[in-house]
Every structure is written in structure tokens, then in C-alpha cells.
Amino acid sequence: MVRATNSGLPALVVACFALAAFDVSAQSAKKVDPYTGNADAIAQGEQLFMSKSCSGCHGAGGGGGMGPPVTNDVWIYGSDDATLFDLIKLGSVAFRAQGHQRKGRESIVGDMPGMGGVASDEEIWKMIAFIRSRASAAK
């Protein structure tokens with residue numbers, strides 16, 4: 001009779017718990033926009049900003065409207081690349097559901113829809129590159 005052993009089972013269980021306990025925000029913190037300063041990507045990001053309806057809320061030049069401006073120094077949830085990426089991809093409701101809290105204040109604080117269903121990760125990064133270029137130009 002062959003008896004099955006589970007000598008590797010404890011190590012597997014420990015590994016699973018370690019992965020489950022992995023801090024998702026630490027993983028997100030590693031996200032950096034690969035298109036920062038890339039003129040072609042910034043131009044594509046501007047086209048995406050317009051075509052994906054970002055301009056409908058944030059204004060054609062990013063100066064605000066129904067949504068807050070993206071050209072000033074106020075970043076409601078923070079200004080690092082990982083925060084902006086996750087906020088744009090998930091939308092503000094899902095973003096807050098992950099434990100993020102508002103840090104800055106704007107007069108316009110409506111919820112932002114998630115763009116992950118209509119924009120690829122690459123497109124989101126290009127839009128962030130455009131947003132950063134507009135924020136720099138506003139100073």
C-alpha cells in the first residue's frame with residue numbers, strides 16, 4: 001500500500017498565507033509611469049484624455065469643470081504615480097474601498113468613474129504623462 005505524505009503541505013500553507021498577507025499598497029508603490037517626459041506619449045495621452053471623456057469632467061486643458069483640475073498643486077488622494085494610476089483605473093469609490101483616504105481638498109469632490117474598463121494600462125500611463133505635463137505647465 002502506498003501512503004501519501006504531506007511533508008510539503010506545511011510549507012505550502014505558510015507560503016499561501018504569506019502571499020495573502022502581501023501588502024497590495026506596497027506592490028502599487030512600485031508603479032512608476034514609464035512615459036514621463038516622453039513627448040510622443042504625452043501627445044497620445046492628450047488625445048486619450050479627450051477621447052476617453054476625461055476632459056468632460058476635468059476640462060479640455062485639465063483646468064477643471066465638473067471634476068477637479070489636474071493642473072494645480074492639489075491632489076485629493078496623493079500625487080505619486082501609483083496613486084494616480086490606481087485611482088484612474090479603479091475610480092474613486094473602489095479606490096476608497098481599498099482603504100485610501102482623501103488628503104487634499106477641492107471644491108469639487110464628486111466620485112470619479114473607473115477607467116480600467118475603457119482604457120488599457122498603457123493608455124492610463126500615457127494619460128498620466130499628459131496630466132503631469134499639464135500640471136508642470138500650470139506652474
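Which helix does Ser-92 lie in? Select Ser-92 and you land in helix α6, which covers residues 92-97. Keep in mind as you look around that this is a predicted model.

**Stop 1: Ser-92 and its surroundings**

Is Ser-92 buried or exposed? Ser-92 counts as buried because its relative accessibility is 3%, and buried means under 20%. Now show the residues around Ser-92. Leaving out those up to four places away in sequence, Ser-92 touches Tyr-77, Leu-87, Asp-111 and Met-112. Two of these names, Tyr-77 and Asp-111, will come back on the tour.

**Stop 2: from Tyr-77 to Phe-95**

A search of the whole structure turns up three aromatic pairs. For one of them, select Tyr-77 together with Phe-95: the rings meet edge-to-face, with 5.2 Å from centre to centre and 85° between the planes. Tyr-77 sits in the loop between α4 (54-58) and α5, while Phe-95 belongs to helix α6, so this pair ties together parts that are 18 residues apart in sequence. Both Tyr-77 and Phe-95 are buried.

Next, move on to Phe-85 and Trp-125. This aromatic pair is stacked, with the centres 4.6 Å apart and 20° between the planes. Phe-85 is in helix α5 and Trp-125 in helix α7, so here the pair ties together parts that lie 40 residues apart in sequence. Phe-85 and Trp-125 are both buried.

**Stop 3: the nonpolar core**

Which residues of the largest nonpolar core touch the most other members? Select Ile-88, Ile-124, Met-127, Ile-128 and Ile-131; the core they belong to has 21 residues. Colour α3 (39-51), α5 (81-90) and α7 (121-137) to see the elements that each give two or more residues to this core. The largest share comes from α7, with eight residues.

Stay with Met-127 for a moment. Neighbours within four places in sequence aside, Met-127 is in contact with Gly-45, Leu-48, Phe-49, Lys-52, Cys-54 and Ala-119.

**Stop 4: charged pairs**

Side chains of opposite charge can pair when their charged atoms come close. How many salt bridges does the structure hold? There are seven, and three of them are worth a visit here.

Start by selecting Lys-31 and Asp-86, whose side chains form a salt bridge at 2.4 Å, N to O. Lys-31 is in the loop between α2 (24-28) and α3, and Asp-86 is in helix α5, so the pair ties together parts 55 residues apart in sequence. The two partners sit in unlike surroundings: Lys-31 counts as partly exposed at 26% relative accessibility, whereas Asp-86 is buried at 8%.

While Lys-31 is still on screen, add Ala-82. The C-alpha atoms of Ala-82 and Lys-31 are 4.9 Å apart in space, although the residues are 51 apart in sequence. Ala-82 lies in helix α5 and is buried, with a relative accessible area of 5%.

Now select Asp-81 and Arg-132 for another salt bridge, this one at 2.7 Å, N to O. Asp-81 is in helix α5 and Arg-132 in helix α7, so parts that are 51 residues apart in sequence are tied together. Asp-81 is buried, with a relative accessible area of 13%, and Arg-132 is partly exposed, with 22%.

Then go back to helix α6 and pick Arg-96. Arg-96 forms a salt bridge with Asp-111, their closest N and O atoms being 2.7 Å apart. With Arg-96 in helix α6 and Asp-111 in the loop between α6 and α7, the pair links distant parts of the chain, 15 residues apart. Arg-96 counts as partly exposed at 29% relative accessibility, and Asp-111 counts as partly exposed at 47%. Add Arg-102 to the selection as well: salt bridges that share partners join Arg-96, Arg-102 and Asp-111 into one network.

**Stop 5: charges over rings**

Where does the charged end of Lys-126 sit? Select Lys-126 with Tyr-35 and you will find that charged end over the Tyr-35 ring, 5.3 Å from its centre. To finish, return to Arg-132 and bring up Trp-75. Arg-132 lies over the face of Trp-75, at 5.9 Å from the ring centre, and this is the Arg-132 that you already met in its salt bridge with Asp-81.

Terms used
Residues are numbered from 1 along each chain as its sequence is written. This is a predicted model: local features need pLDDT of at least 70, side-chain atom pairs count only at pLDDT 80 or more; totals for chains, interfaces and linings use all residues. Side-chain values use heavy atoms; hydrogens and water are left out. A nonpolar core is a set of buried Ala, Val, Leu, Ile, Met, Phe, Trp, Tyr and Cys residues joined through side-chain atoms within 4.5 Å. Buried means under 20% relative accessible area, exposed over 50%, partly exposed in between (1.4 Å probe, protein chains only). Helices (H or I, at least four residues) and strands (E, at least two) are DSSP runs, numbered from the N terminus. Contact means heavy atoms within 4.5 Å. A salt bridge is a side-chain nitrogen of Lys or Arg within 4 Å of a carboxyl oxygen of Asp or Glu. Rings of Phe, Tyr and Trp (its six-membered ring) pair if their centres lie within 6.5 Å; planes under 30 degrees apart count as stacked, over 60 as edge-to-face and the rest as tilted. A charge sits over a ring if NZ of Lys or CZ of Arg is within 6 Å of the ring centre and within 35 degrees of the ring normal.
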